[in-house]
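Here are some exercises to work through with the model open beside you. Try each task before reading its solution.

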Amino acid sequence: MPILHLVGTTKLLDHRLPVWRLRFRTRVHSQVRLELPGGCSGSERPVLPGESDERSDNHPLSDTRKVDQMIEKRSGAGSLLIDWKAVCLKALTGLCVLAALSIGIGSGEVVIAAELRVANVFSDHMILQRNQAVAVWGTADPGEAITVEFAGQSVKGTADATGKWLVRLAPLTASSESRTLKVSAAKPGRGLELQDVVVGEIWLASGQSNMEWEMQMKEDSKADIPAANHPDIRLYAVPLTASMTPQADTNAKWERCTPESVTSFSAVGYYFGLRLKEEVKVPIGIIQSAWGGTRIEPWTTLEGYDAVPALAAEAASIRARMPGTDQYRDAQLQYIDAAEAWAKAAREALEKKSPVPPHPGQPETLQAGAGTPTALYNAMIHPLVPFGIRGAIWYQGESNHGEGMHYVERKHALLQSWRKAFQLPELPFYFVQIAPFQYGNEDPEVLARFWVAQRECMKLPQTGMAVITDIAEIPDIHPAHKKEVARRLALWALANDYGFKDIDPSGPLYAEHSVDGNQIRVRFSNAESGLASRDGKPLSDFEVAGEDGKFHKAVAEIDGNSVVVSCPDVPAPRHTRFGWSKLSMPNLMDKDGLPACSFSTN
């Protein structure tokens, strides 16, 4: 029987099998071959640049070299559209081909031979995570035996019924040696090699615009670009895309850190990786997956929502609007029933010359976009799963800053999502407390309450927060000094994950307070190095209030790891607060230079 083999990555397969016509759409570098009984075979398109021409002019299909082609561009990759009408008309001039097709149309089968490939998170110049079992995956023919070789290991696996395969290498030690990862199949001639692979530490850098902010976008980071030549730092930037369903792959590749590759890369991500490279002295990989202006919900899975009981109603609402779920189907069926009943009632009303009742509103259907719950996880995180990583850094919150303590529950759901997806229940997660900013005419306390919520997120396991109130630029929601932001994030990783026990990564945090006559004493944790004023001036941004709850500017003085606050206008203080305004840039810090976090005792 005739067998039609498509060798290559099938982007879209649209086959029609009347005798006179076949149409396929494949990627440009795919190769299509028609194999027929009696040894009749041939290639049905011209050889593309860089390919070898192994075709013979002695078979019945040799004249298909002249077949016209149309090439169209697709986002991220080209595609080849071949009109097979001319191909088959010429092929049918050969009697053996005509006979073979005539026999096969009714009883033959179409077999698609998949290209042996790995997911795009595996490429030349990549880095693998050390000290973890390393998952390597891709696609091949269903049932095909696969072998992965790297660093003296040889691991075998088998593609499942859908052609997917996954194997795991045993944990690897860190190495800057440029090595080759080989993937081969049992069938002869099917294999691939990834060059310049190193082993070290990999971190995911995610969030919104302040994480996405490129090296070239601020003068201070732009000045560091010419020196950013670090072969042992590897960069991977996930394209901005959204999807309503989890995607298997993304269109990106690993690059060595060079002035060219780092120019458009995350400044926080780069500086974080550079700091780790300098201190840990192993290769470092940074995966940038960030999108400006995004909320936290699109980065979160429904399973993450389900893990937080306080978000149960929100999860139900999302499912009711998400195509493919049972809840969405039920909601739409209820609407259809209501619409049909309305149509009947409307006709009766018209016949009676009565007013037509209002039409029932159709339930919302979520569309893929940067603001859609789960959509960025599906398209920008899921394609990386289960790639080995050490941890994640997160710079986000500006788009959620009006939510107050509700953000804690959302952050919890995000962590549950990622830790489950990467199969790392203790995935380290270090985040930035967003900077002071005007936010129009908004109540000055809205941002302060959000800072408290971010502080509360530190109670989630394996988390840490970098406070940056001292390096804000009030008119600019995208402050410079990304190198310092990254340094403060790196302190958490160095202290918690790399054994630097002499580092306290946190600035002073409110611990407790007590009232002593006309004064309030505030004690701080994480202040073992001592407290200090950043600019040598009296401490700023402390306030006190009495029973009436009205706050007044206070005088504040350092006493060990405490601050004593008072105000002549409040002889009987009951409450105190610090940095409690969206424009606050307080000067209290520890002697390591890390700023204190805002707080309010009421």
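**Exercise 1. Find out how confident the predictor is along the protein chain.**

Start with the whole chain: its mean pLDDT (the predictor's confidence in each residue, from 0 to 100) is 86, and 81% of the residues reach 70 or more. Next, look at residues 1-111, where pLDDT stays under 50. For that stretch the model has 176 contacts (heavy atoms within 4.5 Å) beyond four places in sequence.

Keep in mind that this is a predicted model, in which local features need pLDDT of at least 70 and side-chain atom pairs count only at pLDDT 80 or more, while totals for chains, interfaces and linings use all residues. Residues are numbered from 1 along each chain as its sequence is written, and side-chain values use heavy atoms, with hydrogens and water left out.

**Exercise 2. Decide whether Thr250 is buried or exposed, and do likewise for Lys591.**

Locate Thr250 in the loop between strand E16 (230-237) and strand E17 (255-257); strands (E, at least two residues) and helices (H or I, at least four) are DSSP runs, numbered from the N terminus. Its relative accessible area is 7%. Buried means under 20%, exposed over 50%, and partly exposed in between (1.4 Å probe, protein chains only), so Thr250 is buried. Leaving aside residues up to four places away in sequence, Thr250 touches Asn120, Tyr236, Val238, Pro239, Ala379 and Pro383.

Now move to Lys591, in the loop between strand E30 (588-590) and strand E31 (599-600). With a relative accessible area of 57%, Lys591 is exposed. Beyond four places in sequence, Lys591 touches Ser529, Gly530, Leu531 and Ala532.

**Exercise 3. Work out which strands stand at the edges of the sheet E8-E10-E13.**

Read the order first: three strands form an open sheet, E8-E10-E13, with antiparallel pairing. Strand E8 (117-118) and strand E13 (164-169) each have a single partner strand, so they stand at the edges, with one side of each left without a neighbour in the sheet. Then check E10 (residues 134-139), which pairs with E13 over six bridges; pairing takes at least two DSSP bridges between two strands. Gly138 stands opposite Trp165 in E13.

**Exercise 4. Describe how helix H8 and helix H9 pack.**

Take the geometry first: H8 (residues 312-321) and H9 (residues 326-351) pack at an angle of about 65 degrees, their axes 6 Å apart. The axes are lines fitted to C-alpha atoms over the stretch in contact, and angles run from 0 to 180 degrees between N-to-C directions. Finish with the residues: Arg319, Ala320 and Arg321 of H8 meet Gln327, Tyr328 and Ala331 of H9.
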